[in-house]
Amino acid sequence: ATNLPSFQVHKIVVSPGEWRDWIKRECDQRNWPSHRLYESPIIWRELVNRGGKGLYLGGCDEFIEYARHNYAFEPSRSENDCGEIANENLCQFEKNEEEKAFKEANRPTPLVVTANEGADSNVVYHLLPRLGRGHVFGENCQIEVRLLDEEKMEVAEGVALEMEDCAFPLIQTVFATKDPLEALNNVDVLLLACHHGDAAKEKFESYAKILKEKSAN
């Protein structure tokens with residue numbers, strides 16, 4: 001085709017410090033050879049409505065040749081144009097950083113709730129509504145609740161669904177898991193409701209060990 005009746009140009013701005021990890025991830029997902037894509041920029045074409053990995057076109061020089069050959073179009077590479085692109089990239093990068101900082105400042109507090117009697121224990125049932133109403137962390141603290149139950153996963157999932165149905169305004173998300181590593185990943189608070197005894201002590205120590213290892217990494 002010599003024309004594109006409907007198309008959009010989408011630019012992704014990546015900081016120099018994040019570039020290699022980003023391009024490696026993109027290449028792995030799209031099955032592109034990564035050894036030749038470490039220089040910026042890279043350009044690809046994809047049919048958005050049809051999916052697919054996208055057609056890798058190359059860098060700036062390859063794209064100019066592609067545009068010249070397929071569309072008889074000669075992109076400008078003047079110093080002024082390059083300067084405008086650089087300024088536009090800088091503005092976009094600063095905007096991305098502001099959005100990232102805003103999301104981080106307003107992210108929900110991830111907390112784990114677990115009990116040796118299971119996620120359906122009385123103490124958990126009494127605790128979750130209080131969390132959702134702001135009685136524990138305050139009325140301005142959004143939270144992400146992770147129900148950890150290593151033995152009764154289906155029961156924990158049922159409790160999570162009940163909490164979703166309650167639609168507490170402070171609980172942004174709630175999910176159940178039986179994997180302590182998943183539950184404790186990047187968690188801020190661990191609420192462990194256990195009776196005194198060796199079993200409770202062992203559970204507490206095992207979770208404390210996981211948190212200590214994650215904080216060390």
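These legends walk through several views of one predicted protein model.

**Figure 1. The whole protein, from one end to the other.**
Let's start with the full chain before zooming in. The protein has 217 residues, and 30% of them count as buried. It contains 7 helices and 6 strands. Read from the N terminus, these elements come in the order α-β-β-α-α-β-α-β-α-β-α-β-α. About 15200 Å² of the protein is exposed, and carbon and sulfur atoms supply 50% of that area. Contacts also link distant parts of the chain: among those with a separation of 6 or more, 60% are between residues 24 or more positions apart.

**Figure 2. How confident is the prediction?**
This model is predicted, and a confidence score called pLDDT comes with each residue. The average pLDDT of the protein is 81, and 88% of the residues score at least 70. Which element has the highest confidence, and which the lowest? Strand β4 is highest, at 90, while helix α7, residues 198-216, is lowest, with a mean of 79.

**Figure 3. Two parallel strands and the helix that joins them.**
Here you can follow strand β4, residues 143-148, and strand β5, residues 171-177. The two strands pair in the parallel sense, over 6 bridges. One of these links can be picked out by name: Leu 147 has Ala 176 in β5 as its bridge partner. To get from β4 to β5, the chain passes through helix α5, residues 153-166, making a β-α-β crossover that is right-handed.

**Figure 4. Arg 146, a buried residue in strand β4.**
Next, look for Arg 146, which sits in strand β4. Is Arg 146 buried or exposed? Its relative accessible area is 8%, so Arg 146 is buried, as the cut-off for that label is under 20%. Setting aside neighbours within four places in sequence, Arg 146 is in contact with several residues, including Pro 110, Leu 111, Val 112 and Val 113. Phe 175 is also among its contacts, as are Glu 182, Ala 183 and Leu 184.

**Figure 5. Thr 109 in strand β3.**
Thr 109 belongs to strand β3, which covers residues 109-115. With a relative accessible area of 18%, Thr 109 is buried. What does Thr 109 touch, not counting residues up to four places away in sequence? Its contacts are Cys 141, Gln 142, Ile 143, Glu 144, Asp 188 and Val 189.

**Figure 6. Gly 54, in the loop between β1 and β2.**
Gly 54 is in the loop that lies between β1 and β2. Gly 54 has 17% relative accessibility, so it counts as buried. Along the sequence, Gly 54 and Arg 30 are 24 residues apart, yet in space their C-alpha atoms are 7.3 Å apart. Arg 30 is also one of the residues that Gly 54 touches, along with Trp 32, Trp 44, Arg 45 and Glu 46, leaving out residues up to four places away in sequence.

**Figure 7. Two asparagines with a positive phi.**
Most residues other than glycine have a negative phi. Asn 31 has a positive value, near 60 degrees. Asn 31 lies in the loop between α1 and β1 and is exposed, with a relative accessible area of 59%. For Asn 186, phi is positive too, near 55 degrees. Where is Asn 186 found? It lies in the loop between α6 and β6, and at 60% relative accessibility Asn 186 counts as exposed.

**Figure 8. Two cysteines and a count of disulfides.**
A disulfide is a covalent bond between the sulfur atoms of two cysteines. How many disulfides does the structure hold? The count is 0. Two cysteines to find in this view are Cys 27, buried at 1% relative accessibility, and Cys 60, partly exposed with a relative accessible area of 32%.

**Figure 9. Ala 208 in helix α7.**
Our last stop is Ala 208, a residue of helix α7. Ala 208 is partly exposed, with a relative accessible area of 34%. Ala 208 and Leu 184 are 24 residues apart along the chain, and 9.8 Å separates their C-alpha atoms.

Key: Residues numbered from 1 in each chain as written. Predicted model: local features only at pLDDT ≥ 70, side-chain atom pairs only at ≥ 80, totals over all residues. Heavy atoms only, no water. Pairing = 2+ DSSP bridges. Helix = DSSP H or I, 4+ residues; strand = E, 2+ residues; numbered from the N terminus. Right-handed = clockwise from strand over helix to strand, strands pointing away. Buried < 20%, exposed > 50% of the residue type's maximum accessible area, 1.4 Å probe, protein only. Contact = heavy atoms within 4.5 Å. Disulfide = S-S within 2.5 Å. Areas by Shrake-Rupley, 256 points an atom, 1.4 Å probe, with all protein chains shown as cover. pLDDT = per-residue confidence, 0-100.
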